Amino acid sequence: MINITLPDGAVRQYDAGVTALDIAKSISEGLARKVLAAKVNGEVMDATRPITTDATLQLLTWTDTDGKSTMWHSSAHLMAEALEALYPGVKLGIGPAIENGFYYDIDLGGRTITEEDLRKVEAKMVELSKHNSIYSRKEVSKADALQYFTEKGDEYKLELINDLQDGTITFYTQGGFTDLCRGPHIPNTSFIKAIKLTNIAGAYWRGNEKNKMLTRIYGITFPNQKELDEYLTLIEEAKKRDHRKLGKELELFTFSEKVGLGLPMWLPKGALLRERLQRFLQEAQMATGYLPVVTPHIGNKNLYVTSGHYEKYGQDSFRPITTPEEGEEFMLKPMNCPHHCELYKASPKSYKDLPVRFAEFGTVYRYEQHGELHGLTRVRGFTQDDAHLFCRPDQVKEEFMKVIDLVLYVFNSLGFSNYTAQVSLRSKEDRSKYIGTDENWELAEKAIIESAAEKGLPTVVEYGEAAFYGPKLDFMVKDALGRKWQLGTIQVDYNLPERFELEYIGADNAKHRPVMIHRAPFGSLERFIAVLIEHCGGKFPLWLAPTQVKILPISDKSQEYAEKVAAQLKAADIRAEIDDRSEKIGKKIREAELAKIPYMLVLGEKEAADNLVAVRRQSKGDLGTMTMDQFKALVNEEVVNRKPFE
RNA sequence: GCUGUUGUAGCUCAGGGGUAGAGCACUUCCUUGGUAAGGAAGAGGUCGAGAGUUCAAUUCUCUUCAACAGCUCCA
């Protein structure tokens with residue numbers, strides 16, 4: 001007999017070799033029907049695997065993340081089975097579960113697959129799922145595994161098997177389909193009730209752009225149709241919040257093919273929003289000892305040779321600008337750090353001067369590959385809310401933590417609560433792409449890891465994500481469709497100070513090297529605003545709204561009063577516009593609602609007679625009448641407290 | 001950059017080998033209306049660009065440019 005400890009602490013006894021599914025059955029039949037997989041001693045495995053020793057057991061169902069991903073992984077196998085049935089000879093790459101659903105990379109040998117084909121594959125999957133095929137696990141020797149896929153003629157699987165250790169290889173079979181797979185899987189295909197293949201895309205084999213591009217089919221499955229419908233509705237809703245769509249509708253920004261790809265242009269309303277954000281951060285920075293600086297948009301090529309950026313990015317960047325004079329080359333500024341290093345050198349520094357904090361909203365230009373461009377989140381010209389802190393080694397941690405505070409202040413003020421803090425370190429394998437000594441890197445990595453830990457940030461560590469000159473702490477936020485974007489970033493850098501030979505005179509009257517901290521709480525104004533738009537669905541907090549109040553006279557008779565009210569609001573620093581068209585009040589309200597203007601003032605003869613305003617709140621409706629002073633106080637209170645728009 | 005999809009009026013989209021249509025927006029006129037669309041008339045497009053096939057191309061073919069999805073990349 002073995003002891004099985006359940007999540008509630010209860011211990012039950014079973015014969016050795018019992019399966020999680022058996023245990024579920026012993027608890028209740030209803031539970032057994034829902035079990036997708038099991039977590040045994042912390043490891044997720046098939047609910048049908050025998051358990052032979054004492055263990056802790058958690059039964060995984062659809063409500064568990066691991067339960068979902070097990071089902072989606074099994075769904076990928078089901079899709080592969082359907083694909084083999086419909087497209088004999090198809091070769092399979094990998095087919096994992098992802099955050100929302102699964103995909104399988106396939107090689108159709110020159111054939112293409114269309115959206116309509118996906119519907120056929122879906123239908124085949126539904127048909128196969130009804131066979132209630134069991135997912136059965138089998139351990140195989142490397143030789144047998146190689147033989148199986150050699151006969152099948154699937155070179156991708158052979159490549160995968162060659163990288164595996166003999167004795168660790170397992171196959172899973174359901175229906176007529178067998179795949180190389182570590183598992184785990186759901187007990188049988190009947191759990192998969194609702195299926196949607198969402199899209200087709202290309203993906204390089206093993207993520208390497210030198211390799212062949214396979215066809216990737218994405219899909220998602222659910223245990224019932226209702227949940228699938230809800231999911232699809234959610235996606236539709238999310239698309240309505242897309243910043244590219246809202247940016248156009250709310251007249252915030254635009255692009256022009258003639259101006260160039262990835263070069264956003266800000267329309268008046270968007271520019272106003274940008275300026276509000278800029279002023280907000282400037283004020284916070286002035287309060288914490290930053291000094292504003294301004295540097296030019298171009299820099300001599302030698303500046304970037306010194307910094308190392310030219311060697312690293314010169315070939316993949318905008319080409320240098322040449323002058324009529326021979327031999328002079330300038331580059332569009334792709335970052336502000338080298339300029340700031342030279343600013344630091346403008347005067348000798350004492351240890352008493354440090355830290356020096358140079359801040360600049362610096363517009364930079366980077367040649368991003370065509371296919372990477374994406375709305376405002378990935379562009380070729382953008383403005384960083386950049387600053388460089390030059391400090392003594394003993395000040396690094398304190399300064400770093402103050403920057404974390406500033407980033408969190410910015411995020412909190414805008415209601416960004418679901419970020420992840422990512423510690424981006426060097427790749428463990430390939431170190432050739434980084435500059436500087438191991439010693440400096442270790443110092444920098446240590447400073448970041450310790451600071452983040454002391455601030456209690458929930459962090460994830462990613463290797464290979466560091467900048468070439470130093471590690472980073474990145475604040476990642478998701479857009480409407482769940483794509484992750486890096487917003488705030490803080491980087492510790494021991495390398496550029498060395499390359500630029502930055503110095504300060506210490507208390508010992510000797511020269512020392514300062515440490516540099518790069519930081520940008522927004523990341524870039526463009527990307528930050530993109531994510532902000534998607535977060536609030538275009539309903540900006542009042543303090544940021546380009547137009548805060550729309551004044552809606554009921555008829556021409558109230559025009560004069562409307563203008564008087566507008567003048568008073570302007571004097572109170574409230575951004576208001578009058579809708580003086582000869583339209584009915586219902587239409588004016590509808591359009592102001594759709595434009596997501598926070599407040600509407602409906603003004604007719606009644607209001608004019610009593611010197612009042614009838615206030616309407618966007619998406620909330622009529623708030624009744626009040627005096628101008630009351631309305632101004634209402635607005636002011638909301639602005640000062642930076643209340644989020646509900 | 002790679003794979004796939006798309007490109008028709010300012011916007012959202014329909015159409016289709018015989019040189020184009022709707023709704024909204026826009027202009028003018030009527031209407032002066034009290035909390036999510038008042039009415040009428042008008043104007044607006046070399047159907048992304050180039051080449052080919054054809055008596056004839058916006059429609060078919062090829063090339064190219066751009067957008068979108070994903071991959072790769074991101075100082």
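Which two strands form a hairpin with two residues between them, and which residue in the turn has a positive phi? I would like to keep that question open for a moment while I introduce the structure, which is a predicted model of a protein chain, chain A, together with RNA strand B.

Let me start with the overall layout. The domain assignment divides chain A into domain 1, residues 2-61, domain 2, residues 66-238, domain 3, residues 283-528, and domain 4, residues 549-640. If we take the centres over C-alpha atoms, domain 2 and domain 3 are separated by 41 Å.

Now to the opening question, which takes us to a sheet of five strands. This sheet is open, its pairing is mixed, and its strands follow the order β2-β1-β7-β4-β5. The edges are held by β2, residues 11-14, and β5, residues 43-45, and because each of these has a single partner strand, one side of each is left without a neighbour in the sheet. On average, and with direction ignored, neighbouring strands here are turned by 35° against each other. The hairpin I asked about is formed by β4 and β5, and the residue in its turn with a positive phi, of about 50°, is Asn41. As a reminder, most residues other than glycine have a negative phi, and most peptide bonds are trans.

Looking at the pairing itself, β4, which covers residues 37-40, meets β5 in the antiparallel sense over three bridges, and within that pair Val40 has Glu43 as its bridge partner. Helix α1, residues 20-27, packs on this sheet and touches β1, β2, β4 and β7, with a direction that makes about 75° with that of β7. Strand β4 is also joined to β7, again antiparallel, by four bridges, and there the bridge partner of Ala37 is Leu60.

Let me move to a second sheet, which is open and has three strands in the order β11-β12-β13, with antiparallel pairing. Its edge strands are β11, residues 136-139, and β13, residues 177-180, each of which pairs on one side only. Neighbouring strands in this sheet are turned by 25° against each other on average, direction ignored. Between β11 and β12, the latter spanning residues 170-174, there are four bridges, and Ser136 stands opposite Thr173 of β12. Two helices pack on this sheet: α3, residues 65-86, touches β12 and β13 and makes about 125° with the direction of β13, while α5, residues 142-152, likewise touches β12 and β13, with an angle to β13 of about 125°.

A few loops deserve a pause as well. In the loop between β13 and β14 we find Pro184, and the peptide bond that leads into this residue from Gly183 is cis, with omega near -5°. A second cis peptide bond runs from Leu354 to Pro355, with omega near 0°, and Pro355 lies in the loop between α12, residues 337-344, and β22, residues 356-365. Glu251, in the loop between α8 and β16, has a positive phi near 55° although this residue is not a glycine.

That brings me to the RNA. Which residues come nearest to RNA strand B? Of the 53 residues around the strand, the nearest are Asn199, Tyr204, Glu372, Ile554 and Arg590. Of the atoms of RNA strand B that come within 4 Å of the protein, sugar and phosphate account for 48%. By class, the surface near the strand has 23 charged, 17 nonpolar and 13 polar residues.

Several elements each supply at least two residues of that surface, among them β14, residues 194-204, β15, residues 213-222, and α19, residues 605-610. The largest share, eight residues, comes from α18, the helix that covers residues 585-594.

I will finish with three side chains whose polar atoms approach the strand. For Lys557, such an atom lies 3.1 Å from a sugar or linking oxygen of RNA strand B. For Ser582, the partner is a base oxygen of the strand, at 2.8 Å, and for Glu607 it is a base nitrogen, at 2.5 Å.

Key
Residues numbered from 1 in each chain as written. Chains lettered and ligands numbered in written order. Predicted model: local features only at pLDDT ≥ 70, side-chain atom pairs only at ≥ 80, totals over all residues. Heavy atoms only, no water. Domains from an automatic or database assignment. Near = heavy atom within 4 Å. Polar contact = N/O pair within 3.5 Å; in protein donor to acceptor, adjacent residues only side chain to side chain. Nonpolar A, V, L, I, M, F, W, Y, C, P; charged D, E, K, R; others polar. Pairing = 2+ DSSP bridges. Axes fitted to C-alpha atoms, helices over the stretch in contact; angles between N-to-C directions. Contact = heavy atoms within 4.5 Å.
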